[in-house]
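Student: I would like a close look at a single part of this protein. Please take one turn between two strands and build outward from there.

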Amino acid sequence: MKNQRQEVILEIITENSVGTQEDLIRLLGEKGIKTTQATLSRDIQQLSLVKQRDEKGNFKYALPVAAAEEKSVFEEAVVSVDYAMNTVVVKCKAGMAQGTCAAIDSVEHTGIVGTIAGDDTIFILVRSESDAKKLSQQFKSELFRRR
């Protein structure tokens, strides 16, 4: 539920200029997701959303630059995502793993201990199998959204 709600939040702020939590709660409601202000505040913090000025000079929620760069690189390079125990494996197009790994490292993901990248594969060591499953699902949702 939380991952789905956060995915919709990212979709909303990407497609709309949203300046307040009240507007965001309303837009979530229009998409069938009811939430409280306290839950939304936690989501905003966990997603590391920032407020920046739009083209009209009004403040709006946005991804931090590092997260936007990670998303762009990720969408371009990643072929598949899987996990085993407490390790997430990200398969990339040839020659793109190290840049993708650097982009992943630039964003704070819960539970990541460290990363290693080769030519086309990234190994991400996380603290638990539960963290591996969550991170894998998050990456897969990004992968499937673009297709």
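Tutor: What follows starts at one hairpin and moves out to the sheet and the helix across it.

This is a predicted model. Start with confidence. The mean pLDDT of the protein is 85. Of its residues, 90% reach 70 or more. The highest value belongs to β6, at 97. The lowest belongs to helix α4, residues 65-77, at a mean of 65. Where pLDDT is low, the predicted coordinates should not be read in detail.

Now the hairpin. Its strands are β3, residues 78-84, and β4, residues 87-92. They pair in the antiparallel sense, over 6 bridges. One facing pair is Tyr83 and Val88, with Val88 in β4. Between the two strands there are 2 residues.

Which residue of this hairpin takes a positive phi? Met85 does, with a phi near 55°. Met85 sits in the loop between β3 and β4, and it is not a glycine. Most residues other than glycine have a negative phi. Is Met85 buried or exposed? Its relative accessible area is 59%. The cut-off for exposed is over 50%, so Met85 counts as exposed.

Step back to the sheet. It is open and has 4 strands. Their order is β3-β4-β6-β5, and the pairing is antiparallel. Which strands stand at the edges? They are β3 and β5, the latter spanning residues 112-117. Each has a single partner strand, so one side of each has no neighbour in the sheet. From one strand to the next, the twist averages 15°.

Next, the helix. Helix α5 covers residues 97-105. It lies across β3, β4, β5 and β6, with β6 spanning residues 121-126. Both strands of our hairpin are therefore among those that α5 lies across. Relative to β5, helix α5 runs at about 165°.

Look inside that helix at Thr100. Its relative accessibility is 1%. Buried means under 20%, so Thr100 counts as buried. A polar atom of the Thr100 side chain lies 2.8 Å from the backbone oxygen of Met96.

Put the two residues side by side. Met85, in the loop of the hairpin, is exposed. Thr100, in helix α5, is buried.

Terms used: Residues are numbered from 1 along each chain as its sequence is written. This is a predicted model: local features need pLDDT of at least 70, side-chain atom pairs count only at pLDDT 80 or more; totals for chains, interfaces and linings use all residues. Side-chain values use heavy atoms; hydrogens and water are left out. Buried means under 20% relative accessible area, exposed over 50%, partly exposed in between (1.4 Å probe, protein chains only). Two strands pair if DSSP finds at least two bridges between them. Axes are lines fitted to C-alpha atoms, for helices over the stretch in contact, and angles run from 0 to 180 degrees between N-to-C directions. Contact means heavy atoms within 4.5 Å. A polar contact is a pair of N or O atoms within 3.5 Å; within protein, one must be able to donate a hydrogen and the other to accept it, and residues adjacent in sequence count only if both atoms are side-chain atoms. pLDDT is the predictor's confidence in each residue, from 0 to 100.
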